Amino acid sequence: MKKILFFIITTLALILSACAPATTSNGDMPMNNHNSGMAEGTPTPGSMMMDNPEAAHMMQPITAPNVQPATEAEGGLPLEYRLEDGVKVFELTTKAVQWEILDGVTVTAFTYNGTVPGPMIRVTEGDQVRIIVKNELPDPTTIHWHGVEVPNAMDGVPGVTQDPIEPGETFTYEFTAKRAGTFMYHSHYKGDVQVGAGLYAPFIIDPKEPLANPPAVDKTLMISEWRITDGRTYAAMPMSGMEPNYFTINGKSFPATETITVKKGDLVRLRFIAIGQFIHPMHLHGVPFKIVATDGHPVPEAAQLTKDTVSVAPGERYDIEFVATETGQWMLHCHILHHTTNDNVEPGGLMLMINIVD
């Protein structure tokens, strides 16, 4: 027994000695030992630019040559299509524009068809869908159909399922809309920059059999973040020096966000889509709601939670429904209260009003 105990203690001591970090001659921990062959911790933005040129792209301002003001003021509107031999054909053009998120506050945005979010693609279960994408950005791009069941070749991952769409080139995606639900599409090329710069949009698949009790109001709300410094636009990220200072719902910051007007007694559906890199607990004043779908999957009625706040993480979608029972102006907002500011000034950001009228 003593021999076994001695063997165990000796083995543990050897393991701990092997795992202990090396020290310098003066007993200090070594710093930035690039020759050690071991992975380093996450660098600061400054060191990332100096030591890792491949990652420096996300630290640079978002720019494009000859960027013009957007000709449209509202994003996420349904995209028209044409029928070709029974296929619904949509056309998208990626391009940079100056997009106003708030009166007097403009960002340089990468967009689909010139708006943030890009246009909503809305189809029905079983539809054959073809999307023709022309790239007018200064950089390559792809589109990933987030949550949509597509053939592998249509998944939009550069270097894996397709080559990037180079500037000036066109690529065609084609698939069958299989399952009803709330989805989205977004860039999958340098997504840390391109998605934050505006390359995202809703994708809704309606059920083939119409709902017995459809909502009177059905709104999709895409939640994102921006960083503007000295009038220049940067990709907002959860890292030191790159945190967002503006927050948008459908490309607008409060008070430029939409006011949703409904009638007392209406059944209202809101589809939350978080496309940025931060969690947003969305809170509704005045009336509770039920979570009726998550990530495009219906929640059985017996399992539906009744809440007034739901945390929407990056990439998640929540469909909520409520009956408008009390007249008045009721606020919907993120409950991380810094997210309800514009460049640290309250009120702003992720807020909108739901106006319930008789």
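**Exercise 1.** Are Asp319 and Arg269 buried or exposed? Work out which salt bridge they form, too.

*Solution.* Start with accessibility: both Asp319 and Arg269 are buried, where buried means under 20% relative accessible area, exposed over 50%, and partly exposed in between (1.4 Å probe, protein chains only). Next, look at the side chains, which meet in a salt bridge at 4.0 Å, N to O; the rule asks for a side-chain nitrogen of Lys or Arg within 4 Å of a carboxyl oxygen of Asp or Glu. Finally, place the partners: Asp319 sits in strand 21 (residues 317-323) and Arg269 in strand 15 (residues 267-274), 50 residues apart. Strands here are DSSP runs (E, at least two residues), numbered from the N terminus.

A word on the model: it is predicted, so local features need pLDDT of at least 70 and side-chain atom pairs pLDDT 80 or more, while totals for chains, interfaces and linings use all residues. Residues are numbered from 1 along each chain as its sequence is written, and side-chain values use heavy atoms, leaving out hydrogens and water.

**Exercise 2.** Which parts of the chain does the salt bridge between Asp319 and Arg271 tie together?

*Solution.* First, find the contact: the N to O distance is 3.6 Å. Then locate the ends: Asp319 belongs to strand 21 and Arg271 to strand 15, so the bridge ties together parts 48 residues apart in sequence. Now check burial: Asp319 has a relative accessible area of 5%, and Arg271 one of 4%. Last, follow the shared partners: Arg122, Asp206, Asp218, Arg269, Arg271, Asp319 and Glu321 join into one network of salt bridges.

Methods. Helix = DSSP H or I, 4+ residues; strand = E, 2+ residues; numbered from the N terminus.
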